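Here are some notes to read with the model open beside you. Take the points in any order you like.

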Amino acid sequence: MTAPDRLKFTTIAHATHRYLSPLSPEKSARLIDGLALREGAEVLDIGCGRAGFLLDLVERSAVSGLGVDLNAAFIASARAEAARRGVDARVRFVDQPLAEAVGDAARFDAIVCMGSSQAIGTFAEALRWAHARLVPGGVALFGDGFWRRRPDPGYLEALGGATEDEMTTHAGNTRVAREAGFRVLGAACASDDEWDEYEGRYCAAIERYVDANPADPDVPAMAARIRAWHDAYVTWGRDTLGFGFYTLLKPASREP
């Protein structure tokens, strides 16, 4: 059995998600308020997906946004939702690699990356990239994984051969942010309920597609993948994998 197409799989799996991370609307609002953006601020969202968070931000604050994601289906959905919410004049979306969408000279008042740091590299590399492209006094909001406990070898195998050193702890992530030159304004974690909502929607979307499309030749591989993934989540992931949200400041001065 060949592996299912990753782009097709993730597009279907996230069809009912507002956010492509374990995040609730209530926490989204708190994170947006914590950024304390000035009127007219320019915001970049890296790996914006269907842009639920960026659209919340633009709706809640008098700012403009640029969302970047390689998934053309997600970008089309984001554009449609921006028009539906009436904020399409203040946000634009591009389905290009980040390096093509954002030049080296571009600078932003805020940068958001809610779980897509791999678009740049490691978490540390993504933080350094963002720090270089923020104006002094600019803010960043990064969402990224961390280990809640030492991962079981079976879980690492289920994650496709991941290694323990690919992530650190929640406290470790804050240290990595400070090493990249940021001041940490705040840190929060996804709750068990937010994880269950995210993983439940992810699993249900694929299972419903499998049930409704038996003639699709990709269905056997998709079914096998989602069942193995969900089993790994309930067996290990729920107690092992955390997700943190880090609100960061690029200092406007060199004062401590």
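1. Start with Cys113, which is buried, its relative accessible area being 0%. Buried here means under 20% relative accessible area, exposed means over 50%, and partly exposed is in between, using a 1.4 Å probe and protein chains only. How far is the sulfur of Cys113 from the closest cysteine sulfur? It is 11 Å from that sulfur, which sits in Cys48, and that is too far for a bond. Cys48 counts as buried too, at 8% relative accessibility. Seen from the other end, the sulfur of Cys48 has Cys113 as its closest cysteine sulfur, at 11 Å. The disulfide count is 0, where a disulfide is a pair of cysteine sulfur atoms within 2.5 Å.

2. A word on what you are looking at. This is a predicted model, in which local features need pLDDT of at least 70 and side-chain atom pairs count only at pLDDT 80 or more, while totals for chains, interfaces and linings use all residues. Residues are numbered from 1 along each chain as its sequence is written, and side-chain values use heavy atoms, with hydrogens and water left out.

3. Now find strand E4, residues 108-114. Helices (H or I, at least four residues) and strands (E, at least two) are DSSP runs, numbered from the N terminus. Phe108 belongs to E4 and counts as buried at 9% relative accessibility. Its C-alpha is 8.9 Å from that of Val139, with the two positions 31 residues apart in sequence. Asp109 is also placed in E4. Is Asp109 buried or exposed? With a relative accessible area of 16%, Asp109 is buried. A polar atom of the Asp109 side chain lies 2.7 Å from the backbone nitrogen of Glu42. For a polar contact, the pair must be N or O atoms within 3.5 Å; within protein, one must be able to donate a hydrogen and the other to accept it, and residues adjacent in sequence count only if both atoms are side-chain atoms.

4. Strand E7, residues 241-249, is worth tracing next: 8 of its 9 residues are buried. Which strands pair with E7? Strand E5 (residues 134-147) does so in the antiparallel sense, over 9 bridges. Strand E6 (residues 183-189) also runs antiparallel to E7, joined by 6 bridges. Two strands pair if DSSP finds at least two bridges between them. To get your bearings, look for Phe146, whose bridge partner in E7 is Gly242, and for Ala187, whose partner in E7 is Tyr246.

5. Then have a look at the second largest pocket, with a volume of about 180 Å³. Its lining has 13 residues, and the closest to the centre are Arg18, Tyr19, Leu23, Glu197 and Arg201. On a 1 Å grid over the protein atoms alone, a pocket is an open set of points with protein on both sides within 12 Å along at least five of seven lines, and lining residues have an atom within 4 Å of a point. Helix H9 (residues 192-212) gives the most to this lining, with 4 residues.

6. Two alanines deserve a second glance. Most residues other than glycine have a negative phi. Ala36, however, has a positive phi of about 50 degrees, and Ala51 has one of about 70 degrees. Where are they? Ala36 is in the loop between helix H2 (25-35) and strand E1 (42-46), whereas Ala51 is in the loop between E1 and helix H3 (52-60). Their surroundings contrast: Ala36 is exposed, at a relative accessible area of 62%, and Ala51 is buried, at 0%.

7. Finally, two charged residues to click on. Glu166 lies in the loop between helix H7 (153-158) and helix H8 (170-179), and is exposed with a relative accessible area of 53%. The side chain of Glu166 reaches the backbone nitrogen of Thr163 at 3.1 Å. Between the C-alpha atoms of Glu166 and Leu141 there are 20 Å. Arg128, in helix H6 (residues 123-133), counts as partly exposed at 47% relative accessibility. Its C-alpha is separated by 19 Å from that of Gly67, 61 residues away along the chain.

Terms used: 1 Å grid on protein atoms, 1.4 Å probe; cavity = no way out; pocket = protein on both sides within 12 Å on 5 of 7 lines; lining within 4 Å. Points joined across faces, edges and corners; volume = space filled by probe spheres on them.
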